[in-house]
Amino acid sequence: MNNRKQGLSRIFKLVWHNYKKLVVIVFVLILFSALANVYGSTFQKTLIDSYITPMMNQSNPNFQPLIAGIAKLALIYVLGILSTYIWNRLMITISLGTLNDIREDLFAHMESLPLRYFDTHAHGDIMSVYTNDTDTLRQLISQSVPQVVSSIVSIVMVVASMFMLGWQLALVTIAGALFMLFVARSITKRSGKYFRSQQKKLGAVNGYVEEMIEGARVVKVFSHEQQTIEGFEKINDDLCLASTKANTFANILMPVCMNLGYLSYVITATCGAFFAIHGMFGMSLGTIAAMLTLNRSFNQPIAQISQQINAVVMAGAGASRVFALMDEPSETDNGVVTMVRAKLEDGQWVESKEYTGKWCWRHPRPDGTTVMVPLEGDVVFDDVTFGYNPDKTVLHDINLYAKAGQKIAFVGATGAGKTTITNLINRFYDINKGQITYDGIDINLIKKNDLRKSLGIVLQDTQLFSGTVMDNIRFGKLEATDEECIAAAKLANADGFINHLENGYNTYLQAGGESLSQGQRQLLAIARAAVANPPVLILDEATSSIDTRTERLVQDGMDKLMEGRTVFVIAHRLSTIMNSDAIMVLDHGRIIERGNHDELIKKKGVYYQLYTGALEMD
Amino acid sequence: MLKTLTAQIKQYKRQTILTPIFVALEVVFDILIPFLMSYLVDYGITPGNMANVWKYGLLMLACSILALICGALSGKYAAEASAGFAKNVRDAEFRNIQNFSFSNIDEYSTGGLITRLTTDVTNLQNSFQMIIRIAVRSPLNFIMALAMVFYLNSKIALMLLGVTVVLGIFIFSMIGRVNPIFVKMFKKYDALNESIQENIAGIRPVKSFVREDYEKERFDKRSQEIFDINRKAELLLVLQQPMMQVAIYSCILLVAWFGAHFVVDGSMQIGTLISLFTYIMNLLMSLMMFSMIFVMVVMSLASAKRVVEVINQVSYLESPKDGIKEVKDGEVVFDHVYFNYAEQVDGHYVLRDINFTLPSGKTMGILGGTGSSKSSLVSLIPRLYDVTKGEVRVGGIDVRKYDLHTLRDAVSMVLQKNVLFSGTIKENMRWGDPNATDAEIIEACQLAQADEFVSKMPKGYDTYIEQGGTNVSGGQRQRLTIARALLKKPKILILDDSTSAVDTKTDYLIRQAFATKIPDTTKIIISQRISSIQDADIIMVLDKGHLVGWGTHDELMNSNEIYRTTYQAQQKGGSEDE
């Protein structure tokens, strides 16, 4: 509840901060249009009492004053309409602008978050912040707030007018309205509760359907359709029940408000009639008529406010989630060492403006001097200990030394810590103990962006982005020419299948390349890494989805790609890592065997068993 | 489309009919109230008749209470009817999906089907509720209010009608212009969401290639596009409220001016004038509501189309009426079988002229590279797909003549992409046989070499398997799915690369168990690993949909090039350990 309130107040502050002038103007205009509306309501009394009744007693009625009265009203109406139009227009700028700001801020901030955030939050939940939660905000800014403001203005004006007409009937109307508000609150509270439960049940249906459709083929093979349907019907019935309850309360709200309004109308009318006939409180027919119109104009904003209650509560919850994401701490980067183009002059490395094909680490020392360290791709793990959670260590005292140009392979069961090691080199996660150095520099000193630019990575699950095939390859190096991209694709043996696509390199890939096979996506990912041309490569199960025959083709390209680079390989198929300079066998976060293929085979240890198939690798 | 959807109302017919009835009654009472009000003024207050004041006052009170009751009841019935309708639609969809054949499933994506079962149905539910409630209410309200105004004063009624028609034309022409913009906007939203989705799922490549700024730029561009198009739509829509005010205010001015004249010349009562003001609001608001609902229903049409598509999707493969209910034995015959997944004009086949006879109780191994159609071939045996040409016979009879349930019980297949379901191990095992005793389950698991690791788990056979079976390793999952298939006590057992993650020793033990414990079952084993099939009675070699080798290990070593080279490659050490 507190979060919701905070969320709301932050949204309002944000709007105020960005659109101070517009907000003031809009507020004034809303005030004005509400006033025009109220003036119209009171006009009925004036019409009957000041114009019609006197004329009824004249033998030759003079309509001159009425013309003036109506003209005045018309003028006020025109002003009211104009201000309605203008504030609505300005509101578009405010609400859409704020939404756009929030969306862009959210995205920019999300891009800055550490990997840990994405690993510990369900992707569906993050997504929902952009879709559902921002949607509630838009509702809040563009509808609820103006409606509540204009409703309050109307209420204040109407109450004032009512008291001017006569406090007795005013009290009757107000009592009715308060009762209505009270009933509406209790109804919205319940419907809100049931809507939340409906949402939960919908989630259950979602999960069940997902599981059963993923496993649809197994269901068929086991002729398990009937049981599956029975399971579905159970949760479907639950959903139906929750949905019925939620909607019943939501549906009842309108008729209850409306008819309680009528009830108060009837009571006001009867009391008014009674007073008028008995000549009490100097009540006239015109007063009753005006009072009844005011009664309607009073009940309407109350009904509107009660309808907005749920929307405001939901927006509060939405806002709190939006700000929770925005408040997540970004990745920190205290690195000072940068990667620069370099050339050799008189045996000294100096920075170069042009592309030289050579790179250096530019290392400013605390004493003000700068050291240029050539980028070689030398990676050292020194007693590295790491856990994703402080209480659960995943890697224990890892020591390894990868000399520039060496190929280091990791094998081991799922969960042994292979991928974790690669997560540490590019600082997706920071180590708890020990040190990792890159060309002799502690990686914590290197600016993250420069560190990552120097590392190429091909992952098991290839993520592509909607765009053309060419765009996806160019993702590796934005300034790459078409020729460079095609050359990279050829290197990865992706050129063949790309040319068979409908529009070749210009084929547009929808939804992360859904239409491509997993193997084809991996080939593109390899091409993407190839075009980046980094000194160090990390291949995490890069060829797992490529069949044996194609892999031979890719292997050839990969060998070319790996030439002269430091490479870290994680592979399931031992055939792809046999020629590594060093193979590390990992088990439960420890290196249990190390050496090259021949050494490990001779040793007849775990690697040997894996190799001969006596141990399962999964 | 409409017929399919209305057919889903079923047991909620009563509520569906009662809703508009109560809505109509509510409208009648609502309309009567201002009318009674004018009587109260004209016959009660003006002549100073308190008896009439009480009479009409009480009548009005009764009306508003009745209106409240009717309104609440219609709301309740509308909720029941629409939630029930949604339930039936989901049920019909889900049932038909269960009826889908493999080729039907191939045509839809999982995400697509989930949307069709959730979001689309929710849209339909809302529209359905709108239609039976407000789509009845607004026109009815409009007509009755108009009738009342005509009754009170036909000249003023004509004027109001004129204003309403102008407003109506304006609103609907605006909808006509705004709607296509909104449709475009939704598409842009989809694109934006897709790029968010990609960035969440693909945060690793984004970060490792340091493409945060690049992605931000792309996102901002898309977000700006939505801003622009949204603004365009809103700038049109923004005319709606002032236009509505123009209509209301001009009506008030008209009624005030002409009403004053009529009252002064004695042709209208003051009370009538008051109720006329009330009806103005009534008329125009109902027009507004109607236009809103119209927009919503039009927008949900796309959802309706998608949902109906699923409900009416004809399964490509139906169980024959009076299908044969018994499978004699496990003999498998392929007789000039041609197969293709979808109709293709160019005469390309995935399987071409396959002929063989596998006697009951024998073990057959199948070897072939990726794309050699091994899986396609075996999926024809339990009739997961129908042959394009030729005939597949099980137990001497064409598979298409069997009752599907009978056939699939007799032919147990462990799929390459095997799935366990959320639930305990026991529950998963009982998919094979719902009446299996604990002892039978343990026996099947022993056969599949799964008993050892299952009994080591803290909860043993009651261990809960997470959705997708993520809490057991690949090798364990494979062994459990084999056990599950064994519980069917099938006449034919097919393993489609089902021991790929199992180590060679366990693989051997499983095959040993098969040979000794279920000797009468025909066994068909697909494997990338020669060691898994080399001791089979018969080995089939497939290449690009052609049967290119048939014989025992020794025979094939002599006669078949593919078999020999694969064998040699694996012996040399390129062992497939995937």
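How many salt bridges are there between chain B and chain A? The count is four, and the views below start from there. Keep in mind that this is a predicted model.

**View 1. A salt bridge joins K87(B) to D237(A).**
Look for the side chain of K87(B) meeting the side chain of D237(A), with 3.1 Å from N to O. Chain B and chain A have four salt bridges between them. Zoom out a little and you can also look for polar contacts: 27 residue pairs between chain B and chain A make them, counting pairs with both residues at pLDDT 80 or more. On the side of chain B that touches chain A, helix α3 (residues 50–99) of chain B gives the most, with 27 residues. As for the make-up of that side of chain B, its residues split into 69 nonpolar, 43 polar and 36 charged.

**View 2. Chain B meets chain A across an area of about 13300 Å².**
Here's the whole meeting place of the two chains. On the chain B side, 148 residues are in contact with 143 residues of chain A. Carbon and sulfur atoms give 65% of the area buried between the chains. If you want three residues to pick out, try R204(B), F209(B) and W431(B): they supply 6% of the area that chain B buries against chain A, more than any other three residues.

**View 3. Four strands of chain A form an open sheet.**
Follow the order β6-β5-β8-β9 in chain A, and you'll find the pairing is antiparallel. At the edges sit β6 (395–402) and β9 (441–442) of chain A, each of which pairs on one side only. In general, strands of a sheet pair through backbone hydrogen bonds.

**View 4. Strands β5 and β8 of chain A run antiparallel.**
This one goes inside the sheet. Strand β5 (residues 379–386) of chain A is joined to strand β8 (residues 433–438) of chain A by five bridges. To find your place, start at T385(A), whose bridge partner in β8(A) is K433(A).

**View 5. Chain A is divided into four domains, and chain B into two.**
In chain A, domain 1 covers 1–165 + 316–330, domain 2 covers 167–282, domain 3 covers 338–374 and domain 4 covers 379–612. Between the C-alpha centres of domain 1 and domain 4 of chain A there are 54 Å. Turning to chain B, domain 1 takes in 2–312 and domain 2 takes in 332–417 + 489–577. The C-alpha centres of these two domains of chain B lie 60 Å apart.

Methods. Residues numbered from 1 in each chain as written. Chains lettered and ligands numbered in written order. Predicted model: local features only at pLDDT ≥ 70, side-chain atom pairs only at ≥ 80, totals over all residues. Heavy atoms only, no water. Contact = heavy atoms within 4.5 Å. Buried area = accessible area lost by both parts, 1.4 Å probe. Polar contact = N/O pair within 3.5 Å; in protein donor to acceptor, adjacent residues only side chain to side chain. Helix = DSSP H or I, 4+ residues; strand = E, 2+ residues; numbered from the N terminus. Nonpolar A, V, L, I, M, F, W, Y, C, P; charged D, E, K, R; others polar. Domains from an automatic or database assignment. Pairing = 2+ DSSP bridges.
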